[in-house]
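Open the model in your viewer and keep the selection box handy. We'll hop from one spot to the next, and at each stop I'll tell you what to pick.

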Amino acid sequence: MKSLTFTTIISLIFFISGCTSLQNQTKADWPEELPPIEYYIDFYQQDPMNKTYISLDQYLLWIKRLYLGWELYRRGWLELSNNLAETIEDEAHRDIAKAKLELIGKTVSPEWAKHRKFSKIKTRHLIIWGNALYQSSANNEQLVIIDKVLSDAKLLIDRQLIASQIVVNRYYIEENLVGIDYPFK
């Protein structure tokens with residue numbers, strides 16, 4: 001019985017050290033311009049149901065895709081938010097917008113990256129929000145729409161807003177959007 005316990009302990013030590021080296025290897029590959037990887041590992045660890053459907057590697061891959069873009073959506077959150085912030089002439093307002101856009105990314109990304117069964121934020125929400133933010137610069141309403149998207153994302157995650165309420169008309173009347181070439185269709 002003692003040798004079984006000793007073997008189990010040794011196996012656990014190797015398993016734990018293997019997990020640690022996997023996380024360190026992932027940290028080395030983590031883009032600097034994204035929030036720290038630990039932020040996402042904490043979110044992932046706090047959702048045991050999600051962990052049964054998606055691995056940590058898959059979860060982190062979806063985070064990177066949201067921020068950096070990928071084959072289906074070339075422009076990621078970083079590009080969209082940087083481009084939008086640059087449309088604001090007043091430096092103080094631009095700094096406020098950057099901080100709020102960063103907060104939107106940190107709010108939305110850990111939820112969206114979950115398995116679709118558990119995520120309260122769907123890709124269609126990202127598309128609607130991306131289009132609303134893109135349109136906001138044409139209407140000189142960047143900070144207003146940034147605040148609305150941030151508020152709606154938080155309300156959606158907290159289940160104080162129903163997913164079906166996130167529609168284009170929530171941000172702009174659809175007829176005002178005709179002819180706009182959106183980066184997120």
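Select Tyr171 to begin: this residue is buried, with a relative accessible area of 9% (buried means under 20% relative accessible area, exposed over 50% and partly exposed in between, using a 1.4 Å probe and protein chains only). Before going further, note that this is a predicted model, where local features need pLDDT of at least 70, side-chain atom pairs count only at pLDDT 80 or more, and totals for chains, interfaces and linings use all residues. Residues are numbered from 1 along each chain as its sequence is written, and side-chain values use heavy atoms, with hydrogens and water left out.

Tyr171 sits in the segment after H8 (helices are DSSP runs of H or I with at least four residues, strands are E runs of at least two, and both are numbered from the N terminus). Now add Ala132: its C-alpha atom is 6.3 Å from that of Tyr171, although the two are 39 residues apart along the chain. Show the contacts of Tyr171 too (heavy atoms within 4.5 Å); beyond four places in sequence, they include Ile128, Trp129, Lys148 and Asp152.

Next, click on Trp129. Setting aside residues up to four places away in sequence, Trp129 touches Val108, Ile121, Val149, Asp152, Ala153, Leu156, Ile166 and Tyr171. Together with Leu133, Trp129 touches the most other members of the largest nonpolar core, which has 41 residues (such a core is a set of buried Ala, Val, Leu, Ile, Met, Phe, Trp, Tyr and Cys residues joined through side-chain atoms within 4.5 Å). Color the helices that each supply at least two residues of this core, among them H2 (37-45), H4 (56-68) and H5 (77-86). H8 gives the largest share, seven residues.

Now show just H6 and H7. Their axes come within 11 Å and cross at roughly 165 degrees (axes are lines fitted to C-alpha atoms, for helices over the stretch in contact, with angles from 0 to 180 degrees between N-to-C directions). The two helices are therefore roughly antiparallel, the word for angles over 145 degrees. Light up the side chains between them: Leu101, Val108 and Trp112 in H6 meet Thr123, Leu126, Trp129 and Leu133 in H7.

Last stop: which loop holds His115? Look between H6 and H7. His115 is buried, at a relative accessible area of 16%. Leaving out neighbours within four places in sequence, select Asn50, Tyr53 and Ile54 to see what His115 contacts.

Definitions and conventions: Angles under 35 degrees count as roughly parallel, over 145 as roughly antiparallel, 65 to 115 as roughly perpendicular and the rest as oblique.
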